[in-house]
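Colleague: I'd like a close look at a single part of this one, with the details tied together rather than listed. Could you take me through it?

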Amino acid sequence: MRKFLISIIAVTLLSGCSEFPGVYKIDIPQGNIISQDMVDELKPGMSYSQVRYVLGTPLVVDTFNGERWDYIYTFKKGGETRTQEQLSVFFTDGKLTSFSGDYKPSDTPAE
């Protein structure tokens, strides 16, 4: 009887370490959510505060070059691979000059 009880306890404890199908895994979003509409609002010559108003506070400001801001967004849907989107914004003398990354300006003008 004692061996049977120990076996049941061991199986119960070890079963918590394995992955069962259907177990809920949470989604993990991190960083700045950037949409194409937000990118379409960016115009050359915008100030720091105008860009911050459109995109929000950057996740990373380059320590050695304050004229570059990086917006990074990662998303890991429960149990799947992680996806990442990135946008770098560049300034010259406090004015927006360009941006690069996973977003491009749309061909249609914003209304």
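How do β4 and strand β5 (residues 95-101) pair, and over how many bridges?

Modeller: Keep in mind that this is a predicted model. β4 and β5 pair in the antiparallel sense, over six bridges. If you want a spot to put your cursor on, Phe90 stands opposite Ser98 in β5. The turn between these strands is a hairpin with two residues between them, and Asp93 takes a positive phi there, near 55°.

To place that in the chain: the protein has three helices and five strands, and from the N terminus on the elements run α-β-α-α-β-β-β-β. Of its 111 residues, 22% count as buried.

Now step back along the chain to the other partner of β4. β3 and β4 also pair in the antiparallel sense, here over nine bridges. In this pairing Thr74 stands opposite Gln84 in β4. The hairpin of β3 and β4 has five residues between the strands, and Gly79 in that hairpin takes a positive phi near 80°. So β4 (82-92) is the strand to keep on screen, because it pairs with β3 and with β5, in both cases in the antiparallel sense.

The loop between β3 and β4 has something else to show you. Lys77 sits in it, and the side chains of Lys77 and Asp27 meet in a salt bridge, 3.8 Å from N to O. That pair links distant parts of the chain: Asp27 is in the loop between α1 (2-15) and β1 (28-31), and the two residues are 50 apart. Neither partner is hidden away: Lys77 counts as partly exposed at 38% relative accessibility, and Asp27 is partly exposed as well, with a relative accessible area of 32%.

The structure holds two salt bridges, and the other one brings us to β3 (68-76) itself. Here the side chains of Arg68 and Asp70 meet, at 3.2 Å from N to O. The contact also shows up as a polar contact between the side chains of Asp70 and Arg68, again at 3.2 Å. Asp70 lies in strand β3. In terms of cover, the two ends of this bridge part ways: Arg68 counts as partly exposed at 27% relative accessibility, while Asp70 is buried, with a relative accessible area of 10%. The cut-off for buried is under 20%, so Asp70 falls on that side of it and Arg68 does not.

A useful thing to remember while you look along β3: in a regular strand the side chains alternate between the two faces of the sheet. With that in mind, go to Trp69, which is also found in strand β3. Trp69 counts as buried at 4% relative accessibility. Its C-alpha atom is separated by 9.3 Å from that of Phe99, although Trp69 and Phe99 are 30 residues apart along the chain.

Trp69 is also where the aromatic side of the story comes in. A search of the whole structure finds three aromatic pairs. In one of them, the rings of Tyr48 and Trp69 have their centres 5.6 Å apart and their planes at 25°, so the pair is stacked. This is another link between distant parts of the chain, with Tyr48 in helix α3 (residues 48-55), Trp69 in strand β3, and their positions 21 residues apart. Tyr48 counts as partly exposed, at 28% relative accessibility, whereas Trp69 counts as buried. Phe91 joins in too: Tyr48, Trp69 and Phe91 form one aromatic cluster.

One last stop, at the other end of the chain. Met1, Phe4 and Ile8 form a nonpolar patch on the surface, with about 400 Å² of accessible area together. Met1 is found in the segment before α1 and counts as exposed, at 83% relative accessibility.

To pull your original strands back into view: β4 and β5 pair antiparallel over six bridges, β3 and β4 do so over nine, Trp69 in β3 stacks with Tyr48 in helix α3, and Lys77, in the loop between β3 and β4, reaches Asp27 through a salt bridge.

Definitions and conventions
Residues numbered from 1 in each chain as written. Predicted model: local features only at pLDDT ≥ 70, side-chain atom pairs only at ≥ 80, totals over all residues. Heavy atoms only, no water. Salt bridge = Lys/Arg side-chain N within 4 Å of Asp/Glu carboxyl O. Helix = DSSP H or I, 4+ residues; strand = E, 2+ residues; numbered from the N terminus. Buried < 20%, exposed > 50% of the residue type's maximum accessible area, 1.4 Å probe, protein only. Phe/Tyr/Trp six-rings, centres within 6.5 Å; stacked < 30°, edge-to-face > 60°. Pairing = 2+ DSSP bridges. Patch = residues over 30% accessible without salt bridge, like charges linked within 9 Å, V, L, I, M, F, W, Y side chains within 5 Å. Areas by Shrake-Rupley, 256 points an atom, 1.4 Å probe, with all protein chains shown as cover. Polar contact = N/O pair within 3.5 Å; in protein donor to acceptor, adjacent residues only side chain to side chain.
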